[in-house]
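Work through the exercises below with the structure open. Try each task before reading its solution.

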Amino acid sequence: MTKDLLKLLDLSKEDIVKILNTADQLKYEQKHGIAQDHLHGKTLAMIFEKNSTRTRVSFEAGMFQLGGHALFLSGKESQIGRGEPVEDTARVLDRYCDGIMIRTFAQEEVEELARYTRIPVINGLTDFCHPCQVLADLLTIREHKAVLEGLKLCYIGDGNNMANSLIVGGLKCGMEVSVACPQGYDPAPQVLEFAKSDPAHTFSLHRTPQEAAVHADVLVTDVWASMGQEEEKAVREKAFAGYQVNAELLALANEGCMVQHCLPAHRGEEITAEVFEAHAEEIFDEAENRLHAQKAVMYLLMGDKNG
């Protein structure tokens with residue numbers, strides 16, 4: 001494992017599998033009442049410059065379950081929100097805490113934070129990527145399908161942080177990945193370059209959901225307007241008309257196709273209420289697995305048995 005979890009591009013397939021296997025073990029221990037004191041006495045600083053439900057609760061609960069403590073630092077209430085340079089915040093937290101999780105806008109801020117600390121930095125979300133969510137997605141898919149390699153993962157919607165991380169994580173785990181985005185809403189150029197370099201050539205970018213969804217084993221979607229894009233809602237609704245996971249799209253996929261959504265979901269927009277409820281068990285397994293995947297990351301990066 002690397003010192004930090006900044007983006008999935010930094011990890012090898014072996015690193016990802018190690019995280020998933022560790023998450024499996026920690027999930028088993030939690031479900032069977034086995035004590036998990038792996039991070040006893042450790043403290044995680046959690047910096048939130050973007051609002052959150054799942055990220056905050058899963059990291060805070062995860063640290064508690066591992067025997068440690070999590071500190072919530074709001075961007076509005078801390079000095080980083082009042083203009084303190086990120087490198088100064090990094091060097092202060094480095095002397096107080098054992099790890100930092102940050103949920104923010106710019107990927108550069110996360111990378112800068114990691115440059116100025118000796119302690120691990122975990123990316124809880126940026127506009128570029130969402131590694132913790134996609135680790136949870138991969139964990140959920142493997143639980144339901146037993147394997148990742150050889151499955152077809154299809155993403156429908158905006159080429160956002162979720163698309164970027166799904167492409168990287170899926171390809172690194174040996175999956176075929178197809179993405180459908182409207183023109184002008186493609187994944188990041190850095191991610192598309194990575195996908196082109198995949199020796200198996202199993203990535204495809206489409207302009208219609210129907211083309212992308214054929215023979216899919218997993219269909220994934222996300223909201224059309226992410227946090228911070230609310231003023232673009234009307235423009236995006238027009239651009240993404242038809243980019244919906246619905247019964248007609250599922251009919252093109254393989255039998256038993258899973259549906260995943262990182263939440264919150266806007267029923268009637270990117271996914272129909274019918275499909276969401278039919279696959280709610282898988283979607284909320286995915287939400288739960290944020291807890292277990294992130295516990296694995298924290299254990300591997302912050303525990304005495306550093307990976």
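**Exercise 1.** In this predicted model, find which exposed residues sit on the face of α2 turned away from its buried side.

*Solution.* Start with the helix itself. α2 covers residues 54–65, 12 residues in total. From first C-alpha to last, α2 reaches 16 Å, close to the 16 Å expected at 1.5 Å a residue. Next, list the buried residues of α2: Thr55, Ser58, Phe59, Gly62 and Met63. Viewed down the axis of α2, these buried residues fall within an arc of 125 degrees, so they line one face of the helix. The general rule is that an α-helix has 3.6 residues a turn, so residues three or four places apart point the same way. Now turn to the face directed away from the buried side. The exposed residues there are Val57 and Phe64.

**Exercise 2.** Name elements that cover the buried residues of α2. Then look just after α2 for a residue with a positive phi.

*Solution.* Take the strands first. The cover includes β1 (43–48), β2 (69–74), β3 (99–103) and β4 (121–125). Then add helices: α5 (131–145) and α12 (280–302) are also among the covering elements. Just past α2, the residue to pick is Gly67, with a phi of about 90 degrees.

**Exercise 3.** Give the strand order of the open sheet formed by four strands, and state whether the pairing is parallel or antiparallel.

*Solution.* Read the order across the sheet: β2-β1-β3-β4. The pairing is parallel. Each of β2 and β4 pairs on one side only, and these are the edge strands. From one strand to the next, the twist averages 20 degrees. Check one pair in detail. β1 and β2 are joined in the parallel sense over six bridges. Thr43 has His69 in β2 as its bridge partner. Finally, look at what packs on the sheet. α12 does, touching β1, β3 and β4. The direction of α12 makes about 160 degrees with that of β4.

**Exercise 4.** Locate Val223, decide whether Val223 is buried or exposed, and list contacts of Val223 beyond four places in sequence.

*Solution.* Place the residue: Val223 lies in the loop between β8 (218–221) and α9 (233–239). Check the relative accessible area: at 8%, Val223 is under the 20% cut-off, so Val223 counts as buried. Leaving out residues up to four places away in sequence, Val223 touches Asn160, His261, Pro264, His266 and Glu270. One more distance completes the picture. Ile271 is 48 residues from Val223 in sequence, and the two are 8.7 Å apart in space, C-alpha to C-alpha.

Definitions and conventions:
Residues numbered from 1 in each chain as written. Predicted model: local features only at pLDDT ≥ 70, side-chain atom pairs only at ≥ 80, totals over all residues. Heavy atoms only, no water. Helix = DSSP H or I, 4+ residues; strand = E, 2+ residues; numbered from the N terminus. Expected span 1.5 Å × (residues − 1). Buried < 20%, exposed > 50% of the residue type's maximum accessible area, 1.4 Å probe, protein only. Arc of directions from axis to C-beta. Contact = heavy atoms within 4.5 Å. Pairing = 2+ DSSP bridges. Axes fitted to C-alpha atoms, helices over the stretch in contact; angles between N-to-C directions.
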